[in-house]
Each structure stands twice: as structure tokens, then as C-alpha cells.
Amino acid sequence: PGLGLDGVRSLCRLAPLGLCGCVAAGMLSSVFYSLYPVYMRNAGYPVPAVSHFMGTALIAALLPQWPVAWLSDRVDRRWVILAVSLLLTLSSATLLLFHGDGVLQPVAYLYVSLIFTVYGLSIAHANDRVPSTHRVAVSAGLLLTFALGGSAGPIAASLVMKWVGPPGIYLFTLTVTTVLAIQALLSVSARRGMARAA
């Protein structure tokens, strides 16, 4: 436990974007697994349609892993995290505002495929930023923050869904991804400011 807390402190100081990304990844993935079927059933989808979507969505989630990883090895990971978080924000907003199979299927597949890239990008960015002597503590901290996000996400999202109805799941994800996008933008801006000062 101490090691995990040491890692969190190191992340706050050295890689706040990695910390924010791990919390967001835990929230988004746990909400998808636990509440997306609830959302679809409440939205009127039959059980076979829910089962089909959940199965094919997880297959779709595999598709962007290599391209996103390849890109993040060649472009500053901050920019990749920013791009992914903006696409997730746009997807969440679209799904919140528009309903129906014509919108749900393609945009939801895009959304699901991208949420599972956030954790990998976040831990890669964090390990870029911390010295090798801190990596064990930081790895424990990353797992701890991911788990905390995974625990808090379904609770918070279910409260939002209770407040605004089934589409509240997208209001919650919109909030999470917007915060991540802002953190990524701040990180990019800070890096550019340091470069100008140098």
C-alpha cells in the first residue's frame, strides 16, 4: 500500500497527465462493462442485441491498439492522449444528443474502441516521465489509481443515470473525457512554454 501511495505522489509531481489518464481509463472501462448493458436494455434494446453489441464491441476495441501505440511512439504522447480524449468527448456528446441505431452503432463502436487505448497511453506517458528508480512505485501507483477509478466510475455514473435517465451514462463519460482533454491540453501547453523558455 505504501508503495502505491509513493507512486501516486511521484505521478502527481512528475506525470499528472498519466495519473489523470489512469483514473479516467478505470472509470470509462468499468462503466462500459457494468452499465452499458443496463443503458441498452433501458433504451429498449432486446437481450440478443445487447449481447451482440457487447461481444463485437470488445473485438472492435482490439483494432486501434496497434495503430495508436505505433503513433504514440512517433509523436509526443501528450498529443495522442489529447486527440483520443477529444474524439471520446465528441463521441460521448454525439451519443448523448442523438439516439437511434443509425447513430448508436458506428459512434458507439468508435467510442468503445478508443476507451481501451487510454490506459496504455497513460502508463507509457508516465514511464516516459519518471526516472527508472521510481518505476516500481509508479507502476503500483498507476494500478492503484486505475482501480480507484474503476471502483468510483460505476457508482458515479449510476447516480447520473438515475438523475437524467439512461443517456446519463454519456453525460458522465462526456465529463470524464472533457477533464482528460483539458489535462492533456494543459500538459501540451506547459511543454511548449518550457520549450520557448529554453
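Mentor: Before we start, a helix is a DSSP run of H or I with at least four residues, a strand is a run of E with at least two, and both are numbered from the N terminus. This is a predicted model, where local features need pLDDT of at least 70, side-chain atom pairs count only at pLDDT 80 or more, and totals for chains, interfaces and linings use all residues. Residues are numbered from 1 along each chain as its sequence is written, and side-chain values use heavy atoms, with hydrogens and water left out.

Trainee: Got it. Which residue follows α8, and with what sign of phi?

Mentor: Helix α8 covers residues 135–164. Look just past its end: the phi there is near 100°, which is positive, and the residue is Gly165.

Trainee: How many helices and strands does the chain have?

Mentor: Walk along the sequence and you read α-α-α-α-α-α-α-α-α. No strand turns up in that pattern, and the count is nine helices and zero strands.

Trainee: What share of the residues in the chain is buried?

Mentor: Buried means under 20% relative accessible area, exposed means over 50%, and partly exposed is in between (1.4 Å probe, protein chains only). The chain has 198 residues, and the buried share is 44%.

Trainee: What share of the contacts with a separation of 6 or more comes from residues 24 or more positions apart?

Mentor: A contact is a pair with heavy atoms within 4.5 Å. Ser85 of helix α5 gives you some to look at, since leaving out residues up to four places away in sequence, Ser85 touches Thr177, Leu180 and Ala181. Ser85 is buried because its relative accessible area is 1%. Over the chain, the share you asked for is 81%.

Trainee: Let's take α8 again. How far does it reach from its first C-alpha to its last?

Mentor: The expected span is 1.5 Å times one less than the number of residues. With 30 residues, α8 is expected to span 44 Å, and it comes close to that, reaching 42 Å.

Trainee: Where does α8 bend?

Mentor: The bend at a residue is the angle between axes fitted to the seven residues ending there and the seven starting there. In α8 this angle is about 30°, with Pro154 following within four residues, and the place is Ala152.

Trainee: Is Leu159 in α8 buried or exposed?

Mentor: Some α8 residues are buried, including Ala157, Val160 and Met161. Leu159 belongs to α8 too, and its C-alpha lies 9.3 Å from that of Ile169, which is 10 residues away in sequence. With a relative accessible area of 57%, Leu159 is exposed.

Trainee: Now α2. Where is its kink?

Mentor: Helix α2 (residues 16–42) has 27 residues, which at 1.5 Å a residue should span 39 Å, and the 37 Å between its end C-alpha atoms agrees. Still, there is a kink of about 50° shortly before Pro37, at Leu35.

Trainee: And how many α2 residues are buried?

Mentor: Just after α2 sits Gly44, with a positive phi of about 105°. The helix itself is mostly covered, and of its 27 residues the buried ones number 19.

Trainee: Which residues do the salt bridges that share partners join into one network?

Mentor: A salt bridge is a side-chain nitrogen of Lys or Arg within 4 Å of a carboxyl oxygen of Asp or Glu. Asp73 meets Arg77 at 3.2 Å, N to O, and Arg77 also meets Asp128 at 2.6 Å. Arg77 is in helix α5 (residues 77–97) and Asp128 in helix α7 (residues 118–129), so this pair ties together parts 51 residues apart in sequence. The network is Asp73, Arg77 and Asp128.

Trainee: How many salt bridges does the structure hold?

Mentor: Besides the two bridges of Arg77, Asp76 pairs with Arg78, their closest N and O atoms being 3.3 Å apart. Asp76 counts as partly exposed because its relative accessibility is 26%, while Arg78 counts as buried at 5%. The number of salt bridges is three.

Trainee: Last one. Which helix gives the most to the nonpolar patch?

Mentor: Patches take residues with over 30% relative accessible area and no salt bridge, joining like charges within 9 Å and nonpolar side chains (Val, Leu, Ile, Met, Phe, Trp, Tyr) within 5 Å. Here Trp66, Trp70, Leu71, Val75 and Trp79 make a patch of about 550 Å², with areas from the Shrake-Rupley method and a 1.4 Å probe, only the protein chains shown counting as cover for residues. Trp70 counts as partly exposed because its relative accessibility is 39%. The helix giving the most, with three residues, is α4.
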